[in-house]
There are 2 protein chains.
Amino acid sequence: MSDRDLSIGQVAQRTGLSVHTLRLYERKGLLASEVRRDGSGRRVYSAWDLQWLANCVKFRASGMPLATISRLAQLVREGSGNEAERLELLRDHQRHITEQLAQLSDCLDLVNGKVASYEEHLAAGATGDPWQRHPQPAAQAER
Amino acid sequence: MSDRDLSIGQVAQRTGLSVHTLRLYERKGLLASEVRRDGSGRRVYSAWDLQWLANCVKFRASGMPLATISRLAQLVREGSGNEAERLELLRDHQRHITEQLAQLSDCLDLVNGKVASYEEHLAAGATGDPWQRHPQPAAQAER
DNA sequence: CTAGGTGCTGGACCGTGGTCTAGGTCAACG
DNA sequence: CGTTGACCTAGACCACGGTCCAGCACCTAG
């Protein structure tokens with residue numbers, strides 16, 4: 001109908017998902033509105049579907065399991081009346097992302113530290129190996 | 001030998017990994033030094049092993065695949081001479097984490113936005129549903 | 001008419017990262 | 001002595017998220 005309607009291939013291109021994955025997502029109920037089909041049974045995605053899928057991609061990228069996205073989609077599909085539950089779900093994910101961020105930046109510190117020490121090590125021309133498994137009997141201030 | 005030696009159960013406790021996982025990691029070569037065994041074949045972890053494993057946990061938490069950790073462990077096991085490669089590997093991961101952080105905070109923005117709009121929506125008592133699949137013919141400034 | 005491109009379905013297959021089971025050893029406790 | 005609890009190995013099993021294949025339907029262009 002709309003001139004913004006897209007085929008599965010086009011949606012694949014612009015979401016970065018494969019057509020296989022798009023069909024998988026549909027089977028798993030990740031779509032918040034049923035995909036229309038054209039006369040010969042081919043999927044027709046609206047601009048809104050594309051939007052939704054783009055959000056799904058972000059949810060996935062932030063570690064939301066397919067099952068959860070599916071649940072959210074279901075709530076949206078069911079329409080008004082369950083906003084509280086949607087909010088709860090989103091808040092959970094919000095918390096989840098925040099935790100991940102904290103963890104990740106912690107890991108980044110570690111890696112930064114190691115990188116720095118290897119850079120030094122290499123620049124200085126191989127003095128004692130950083131990160132070696134013979135830390136000498138003595139205590140090690142690595143913390 | 002050292003009084004800081006640990007059994008697998010103890011290591012499990014303090015790393016948060018299960019004993020199963022610890023054995024798995026060992027089989028996959030994630031350990032940078034061979035685990036010692038006591039008289040009856042039981043694993044004996046040194047404080048250094050624990051340290052290493054704690055790092056492994058962080059690597060995993062930041063999305064490093066077991067195979068990569070294994071590679072790094074191998075390099076460390078092989079001793080001096082391959083520091084450049086270790087550094088490269090670490091730098092790759094550093095980049096990887098940085099990308100993840102960017103992505104994640106992007107996702108967080110999205111979720112924050114949604115959460116905010118649902119909060120409003122609920123506070124205001126169910127006016128038009130945010131995130132509904134009937135966005136009206138008109139354009140939507142959601143970007 | 002035929003070939004190429006795109007799409008459809010259902011189901012098989014895959015890599016990753018765990019998790020658990022069976023069957024056994026060992027040490028300590030009561 | 002027997003039981004309990006921690007550990008051992010090898011290998012099965014699992015969930016997840018994709019990815020791919022066979023076999024078929026369309027449509028359009030040459």
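Which residues come nearest to DNA strand C?

1. In this predicted model, 18 residues lie around DNA strand C, and those that come nearest are Ser7(A), Gly9(A) and Arg43(A) from chain A together with Pro65(B) and Leu66(B) from chain B. Two or more residues of the surface near DNA strand C are given by each of helix 1 (8-15) and helix 2 (19-27) of chain A, and likewise by helix 2 (19-27) and helix 4 (66-78) of chain B. Helix 2 of chain B provides the largest share of that surface, with 3 residues. By class, the residues near DNA strand C comprise 8 polar, 6 nonpolar and 4 charged.

2. The contact between the protein chains takes 42 residues from chain A and 42 residues from chain B. On the side of chain A that touches chain B, helix 3 and helix 5 (83-123) of chain A each supply at least two residues, and helix 5 of chain A gives the most, with 26 residues. This side of chain A divides into 20 nonpolar, 12 polar and 10 charged residues.

3. Within the contact of the two chains, helix 3 (residues 47-61) of chain A packs with helix 5 (residues 83-124) of chain B at an angle of about 125°, their axes being 9 Å apart. At that angle, which falls neither in the range 65 to 115 nor over 145, the two helices are therefore oblique to each other, and their crossing is left-handed. From helix 3 of chain A, Asn55(A), Lys58(A) and Ala61(A) meet Gln103(B), Asp106(B), Cys107(B) and Leu110(B) of helix 5 of chain B; the contact of these two helices has 3 nonpolar, 2 polar and 2 charged residues.

4. A further pairing to consider is that of helix 5 of chain A with helix 3 (residues 47-61) of chain B, which pack at an angle of about 125° with their axes 9 Å apart. Helix 5 of chain A and helix 3 of chain B are therefore oblique to each other, and the crossing is left-handed. Gln103(A), Asp106(A), Cys107(A) and Leu110(A) of helix 5 of chain A make this contact with Asn55(B), Lys58(B) and Ala61(B) of helix 3 of chain B, and the residues involved divide into 3 nonpolar, 2 polar and 2 charged.

5. As to confidence, chain A has a mean pLDDT of 90, with 89% of its residues reaching 70 or more. Over residues 135-143 of chain A, however, the pLDDT is below 50, and this stretch has 3 contacts in the model beyond near neighbours in sequence. Where pLDDT is low, the predicted coordinates should not be read in detail.

Definitions and conventions: Residues numbered from 1 in each chain as written. Chains lettered and ligands numbered in written order. Predicted model: local features only at pLDDT ≥ 70, side-chain atom pairs only at ≥ 80, totals over all residues. Near = placed C-beta within 6 Å. Helix = DSSP H or I, 4+ residues; strand = E, 2+ residues; numbered from the N terminus. Nonpolar A, V, L, I, M, F, W, Y, C, P; charged D, E, K, R; others polar. Axes fitted to C-alpha atoms, helices over the stretch in contact; angles between N-to-C directions. Parallel < 35°, antiparallel > 145°, perpendicular 65-115°, else oblique. Left-handed = near helix turned anticlockwise from the far one by under 90°. Contact = placed C-beta atoms within 7 Å. pLDDT = per-residue confidence, 0-100.
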